[in-house]
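This report describes the strands and the buried residues of one protein chain. Please keep the sequence and the structure in view while reading.

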Amino acid sequence: MKFVDRILTIVITATLTSAVWIVLGGSLIENATGVSQREVTRPAEAAPSPSPSADRGGGKLDQLDTGGAEAPSDAQARQLLIPVQNIRPSDLTDTYSDSRGGGSRLHEAIDIMAPKGTTVLSAAPGMVEKLFRSDAGGKTIYVRSTDGETIYYYAHLEDYAKGLKEGQRVRRGQRLGTVGSSGNATDEAPHLHFAILQTTGDSEWWEPANAVNPYPMLTGR
């Protein structure tokens with residue numbers, strides 16, 4: 001009987017030990033995948049996406065690695081129209097490299113000065129991806145090119161063109177709205193803030209992108 005008692009004791013002890021480890025192990029796994037532990041155990045999953053409220057007219061965003069993104073081709077550049085009515089190439093000023101935010105960032109766009117209410121035109125064909133209102137850019141429009149890899153950004157608008165909506169296809173020269181001073185622009189200097197952003201076809205409108213200077217494309221210089 002002593003031998004049998006020993007066998008029973010060993011079996012019972014092993015069973016209890018296994019049960020304890022199963023319970024403890026399950027708790028550890030649950031804690032490791034909990035929300036409070038994701039930054040430690042699963043940093044890739046926990047990393048937040050950029051906020052849709054981010055605005056290129058506001059704080060500086062990191063550049064998007066687009067795998068060697070290039071400026072629009074010569075053919076595309078020749079199709080670009082100065083996006084403000086009655087503005088000639090000689091009227092434009094290259095403000096792309098000007099500093100903003102007290103020197104904390106580059107402008108990465110050009111300001112096209114014009115009286116408030118002047119018609120804003122689509123610089124190139126594409127699709128209206130987003131009509132967005134922000135503190136910095138005011139009333140803005142994001143138009144994605146037909147190949148999906150360029151976004152044309154129009155900011156500080158006074159008004160949108162009647163009937164303009166997201167998802168609408170626009171042609172080169174189509175009326176998008178009017179020049180204004182919405183956002184952080186001043187009433188004394190209404191203008192169109194115009195930027196060209198190289199991105200990827202599967203990116204969102206609000207994601208960081210590589211800015212390209214519009215001035216040489218609009219002036220042929």
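The side chains of Asp111 and His191 are joined by a polar contact of 3.5 Å in this predicted model. Asp111 belongs to strand E3. Its relative accessible area is 14%, under the 20% limit, so Asp111 counts as buried.

**The chain as a whole**

The chain holds five helices and 11 strands. Of its 221 residues, 42% are buried. The exposed surface comes to about 12,700 Å², and carbon and sulfur atoms supply 54% of that area. Among contacts between residues at least 6 apart in sequence, 67% join residues at least 24 apart.

**Strand E7 and its partners**

Strand E7 spans residues 150-160. Eight of the 11 residues in E7 are buried, leaving the strand mostly covered. Which strands pair with E7? The table lists E6, E10 and E9, each with one pair of bridge partners.

| Strand paired with E7 | Sense | Bridges | One bridge pair |
|---|---|---|---|
| E6 | antiparallel | five bridges | Ile141 and Tyr154 |
| E10 | antiparallel | six bridges | Thr150 and Gln198 |
| E9 | antiparallel | three bridges | Leu157 and Val179 |

E6 and E7 form a hairpin with four residues between the strands. In this hairpin, Gly148 takes a positive phi near 85 degrees.

**The nonpolar cores**

The largest nonpolar core has 30 residues. Which residues have the most contacts inside this core? They are Ile141, Tyr154 and Phe194. Several elements give two or more residues to the core: strands E3 (110-113), E5 (126-134), E6 (138-145), E7 (150-160), E9 (175-179) and E10 (191-198), together with helix H5 (214-219).

Ile141 and Tyr154 thus appear twice in this account, as bridge partners and among the residues with the most contacts inside the core. Leaving out residues up to four places away in sequence, Ile141 touches Val128, Lys130, Leu131, Tyr152, Tyr153, Tyr154, Leu157, Tyr160, Leu164 and Leu176.

A second core of 13 residues is separate from the largest one, and includes Phe132, Ala195, Trp206 and Ala211. Phe132 is found in strand E5, an element that also gives two or more residues to the largest core. The relative accessibility of Phe132 is 16%; because this is under 20%, Phe132 counts as buried. Phe132 and Ala155 are 23 residues apart along the chain, and their C-alpha atoms are separated by 9.3 Å.

**Val120 in strand E4**

Val120 lies in strand E4, which covers residues 119-121. Is Val120 buried or exposed? With a relative accessible area of 0%, Val120 is buried. Apart from its neighbours within four places in sequence, Val120 is in contact with Pro83, Tyr154, Leu157, Gln174, Arg175, Leu176, Gly177, Thr178, Val179 and Leu192. These contacts include Leu157 and Val179, which are bridge partners between E7 and E9. Tyr154 and Leu157 are on the contact list of Val120 and are also touched by Ile141. The C-alpha atoms of Val120 and Glu158 are separated by 9.9 Å, with their positions 38 residues apart along the chain counted as the separation.

Technical notes: Residues are numbered from 1 along each chain as its sequence is written. This is a predicted model: local features need pLDDT of at least 70, side-chain atom pairs count only at pLDDT 80 or more; totals for chains, interfaces and linings use all residues. Side-chain values use heavy atoms; hydrogens and water are left out. A nonpolar core is a set of buried Ala, Val, Leu, Ile, Met, Phe, Trp, Tyr and Cys residues joined through side-chain atoms within 4.5 Å. Buried means under 20% relative accessible area, exposed over 50%, partly exposed in between (1.4 Å probe, protein chains only). Contact means heavy atoms within 4.5 Å. Accessible areas come from the Shrake-Rupley method with a 1.4 Å probe; for residues, only the protein chains shown count as cover. A polar contact is a pair of N or O atoms within 3.5 Å; within protein, one must be able to donate a hydrogen and the other to accept it, and residues adjacent in sequence count only if both atoms are side-chain atoms. Two strands pair if DSSP finds at least two bridges between them.
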